[in-house]
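Visitor: I'd like some help reading a model like this one. Could we go through it together, starting with the charged side chains?

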Amino acid sequence: MKRGWLFWTIFANLTVLIGLAFAYPHLMISPGPLIKGHAALTTNCFACHTTWHGTTVEKCTGCHALPEIGLRTTTGVVRPQHGIKTSFHQQLTEQNCMACHSDHAGPRLTRRNNTSFSHALLRPDVRKDCAACHDKPKNEMHRTLTVGCAQCHQSEAWKPATFKHDALEKTVLARCEACHKIPADKLHAQIQGNCAQCHATRAWKPATFEHSKFFHLDKDHNVTCVTCHIENDYKRYTCYGCHEHTLANIRRKHEKEGISNFANCVNCHRDASGEREGGEREGRNRD
């Protein structure tokens, strides 16, 4: 008798629980509250779910017409794009809404981990055409690029990017100041552009410039760059702009000593002492 009573008690409880699960599924088995857009369906689980089968794509597209997903609401109101040119839902290789979307915000410990959107879900021809979905950045650097986004960016994330200067147009590549601020130190403050004379596009450092390799700037020669370098070209220089270093004086002095090739002063003079490249003393050339 006792066993029969226990059986019917368990059976009755299970029947009530199953009945409640069907009558009030949002209270009995819901994993959490619905997103704001679907809040009106809180008490109508079967609007999205099929008994014993869960949610299906057909249930989603029954309300969300595929051609309008991402472009219009279910009531026909146009959605603002916020930097996205067109909806990408129509360009997917497989229509699987549940692969990215979870309308229930369940507790953190029990929330199912849905796969977030991946560019791998897009058709290959669309995947290569970033401009089909995204607006091109409007900053100075991106406006002058001549290559596709994949040259620098990965589809997994916009940053970090592996930018290469080779992607720039040649006219822009020569104008570093178009993207970079001029260093504020004393040396660079004298120089206007033409960074490539010392720096490489691979990296700002190390720079190839080392003035002492060409001419040592002692206390009498530590002047502004434009004193010796003209027209913002630091590969050229002149010594003919200071006190006794006029072309006439230089010619007279050197021809007197039998030197006819004196156009490139640093071939012999690496500092004010007149030291030759090979170590021989040339004299100060003060007259």
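**Reading the salt bridges**

Guide: Happily! Start with D125, which forms a salt bridge with R123; their closest N and O atoms lie 3.3 Å apart. Keep in mind that this is a predicted model.

Visitor: What makes a pair of side chains count as a salt bridge?

Guide: The general idea is a side-chain nitrogen of Lys or Arg within 4 Å of a carboxyl oxygen of Asp or Glu. Here, D125 and R123 qualify because their N and O atoms are 3.3 Å apart at the closest.

Visitor: How many salt bridges does that rule give?

Guide: The count is two. Besides the pair D125 and R123, the side chains of E257 and K253 meet, at 3.4 Å from N to O.

Visitor: Are these residues buried or exposed, or something in between?

Guide: Buried means under 20% relative accessible area and exposed means over 50%, with partly exposed in between. R123, at 32%, is therefore partly exposed. E257 is partly exposed too, at 37%, and K253 falls in that class at 25%.

Visitor: What share of the protein chain is buried?

Guide: Of its 287 residues, 17% are buried. The accessible surface is about 21,800 Å², and carbon and sulfur atoms hold 59% of that.

Visitor: And which secondary structure elements does the protein chain have?

Guide: You'll find eight helices and two strands. Along the sequence, the order reads α-α-β-β-α-α-α-α-α-α.

Visitor: What can I say about contacts between residues far apart in sequence?

Guide: Take the contacts with a separation of 6 or more: 44% of them join residues 24 or more positions apart.

Note on methods: Residues numbered from 1 in each chain as written. Predicted model: local features only at pLDDT ≥ 70, side-chain atom pairs only at ≥ 80, totals over all residues. Heavy atoms only, no water. Helix = DSSP H or I, 4+ residues; strand = E, 2+ residues; numbered from the N terminus. Buried < 20%, exposed > 50% of the residue type's maximum accessible area, 1.4 Å probe, protein only. Contact = heavy atoms within 4.5 Å. Areas by Shrake-Rupley, 256 points an atom, 1.4 Å probe, with all protein chains shown as cover.
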